[in-house]
Amino acid sequence: MTSGGFGNTLRNWRKAGEIDMVLTELLETSLSVGIVVLVLFVLTVVSGGKFRGICQKASWLFLAVRQLKLTLWVSVVYVVSFICYVPTLLEQNGIIISNRLLYLKYLYVCIPAIATIFLLICEQNIKVYFTRMFSGKITIKSIFIEVICMVAGIFVSFCYSFIVKTDVFKNIYFTVISLLTSCIYLLITALVEEIAWRGFLLERLPFKKIKSVLFVGAVWAVWHIPMWIIRNSLGMEQIVCLCIWTLLVSVVLGITYYQCRNILLIAIMHATFNICYFAPIQYNIVVLAIIIFVGALLYKKSGKKFLA
């Protein structure tokens with residue numbers, strides 16, 4: 001359902017006198033599910049730490065507990081992230097909401113990292129993980145991938161500007177100060193996201209590398225959907241395109257992370273995609289798909305296995 005269709009449905013319910021009941025049930029259900037999932041998450045983490053020695057002796061039990069933790073982690077992230085936008089959703093549909101509750105939407109981007117840090121603290125594993133996230137060597141190959149992505153984004157944005165006879169960069173970055181401010185903000189938010197998605201989830205998945213990269217991309221794309229619908233009021237076609245774009249970006253970030261295992265470089269690359277790609281999403285998808293395809297061919301030609 002598109003955001004417009006969802007809004008029309010809510011307006012019809014309001015006319016029928018059912019809006020308060022429907023939204024109240026939505027909020028109560030979200031909170032109830034969130035509490036249940038959070039409790040299960042805490043119990044699993046605590047019991048996993050308590051019986052770690054037993055689980056390690058039985059490898060199948062260890063893997064089962066680990067997969068359960070990841071499943072609950074994703075569930076907690078989805079539910080709590082959605083709750084962050086519930087007040088905004090209610091306000092958009094005529095319900096008076098406290099301004100303090102509306103600020104919850106700014107926590108949305110932090111929820112995956114908060115869930116990650118909470119789990120790592122419970123496991124008494126936080127120092128090891130953060131050391132590993134930032135200890136990887138930044139190679140020339142990783143920097144080359146970053147530069148290629150940045151140049152491609154600037155190139156396609158300028159080409160689009162030339163075609164439509166407008167300057168997309170000046171329309172977004174009015175001054176040098178606004179550009180610098182945006183770069184700092186986007187880098188910080190990218191780092192917060194990457195601590196969770198690549199630094200934690202990608203590291204913990206038991207699949208082969210290519211499957212792990214695609215899985216994280218799919219989970220990451222779905223996580224963005226409430227924000228796209230509620231904050232950006234996007235329709236279904238735009239959301240589908242953004243999901244494809246997010247999946248492709250995740251492939252590039254995942255490949256690069258496996259190359260260097262340094263989350264700082266991945267955060268810089270993540271911010272680059274947000275800063276440099278201002279052509280319509282369809283153009284960006286084509287450009288990034290070509291970069292990935294050419295990169296895969298070059299790997300194959302060199303005799304190396306692509307994400308083996």
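The expected span of a helix is 1.5 Å times one less than its number of residues. In this predicted model, that rule can be tried on helix H6, which covers residues 111-122. The points below also take in the nonpolar core, a serine in helix H4 and the cysteines.

**Helix H6**
- H6 has 12 residues, so it should span 16 Å, and the 17 Å between its end C-alpha atoms agrees with this.
- Its buried residues are Ile 111, Pro 112, Ala 113, Ala 115, Thr 116, Leu 119 and Leu 120.
- An α-helix has 3.6 residues a turn, so residues three or four places apart point the same way.
- Gln 124, which follows H6, has a positive phi, near 55 degrees.

**Ser 81**
- Ser 81 is part of helix H4, residues 59-92.
- Its relative accessibility is 0%, so Ser 81 counts as buried, the cut-off being under 20%.
- With neighbours within four places in sequence left aside, Ser 81 contacts Val 76, Tyr 108, Ile 111 and Trp 223.

**Nonpolar core**
- The largest nonpolar core holds 67 residues, and Trp 73, Trp 197, Leu 201 and Phe 273 have the most contacts inside it.
- Helix H12 (residues 236-260) gives the largest share of this core, 13 residues.
- Phe 273 touches Cys 149, Trp 245, Val 249, Val 252, Leu 253 and Leu 288, if residues up to four places away in sequence are not counted.

**Cysteines**
- The structure has zero disulfides.
- Cys 149 is in no disulfide, and the nearest cysteine sulfur, that of Cys 276, lies 9.9 Å away.
- Cys 149 counts as buried because its relative accessibility is 2%.
- Cys 122 is partly exposed, with a relative accessible area of 27%.

Terms used
Residues are numbered from 1 along each chain as its sequence is written. This is a predicted model: local features need pLDDT of at least 70, side-chain atom pairs count only at pLDDT 80 or more; totals for chains, interfaces and linings use all residues. Side-chain values use heavy atoms; hydrogens and water are left out. A nonpolar core is a set of buried Ala, Val, Leu, Ile, Met, Phe, Trp, Tyr and Cys residues joined through side-chain atoms within 4.5 Å. Buried means under 20% relative accessible area, exposed over 50%, partly exposed in between (1.4 Å probe, protein chains only). Helices (H or I, at least four residues) and strands (E, at least two) are DSSP runs, numbered from the N terminus. Contact means heavy atoms within 4.5 Å. A disulfide is a pair of cysteine sulfur atoms within 2.5 Å.
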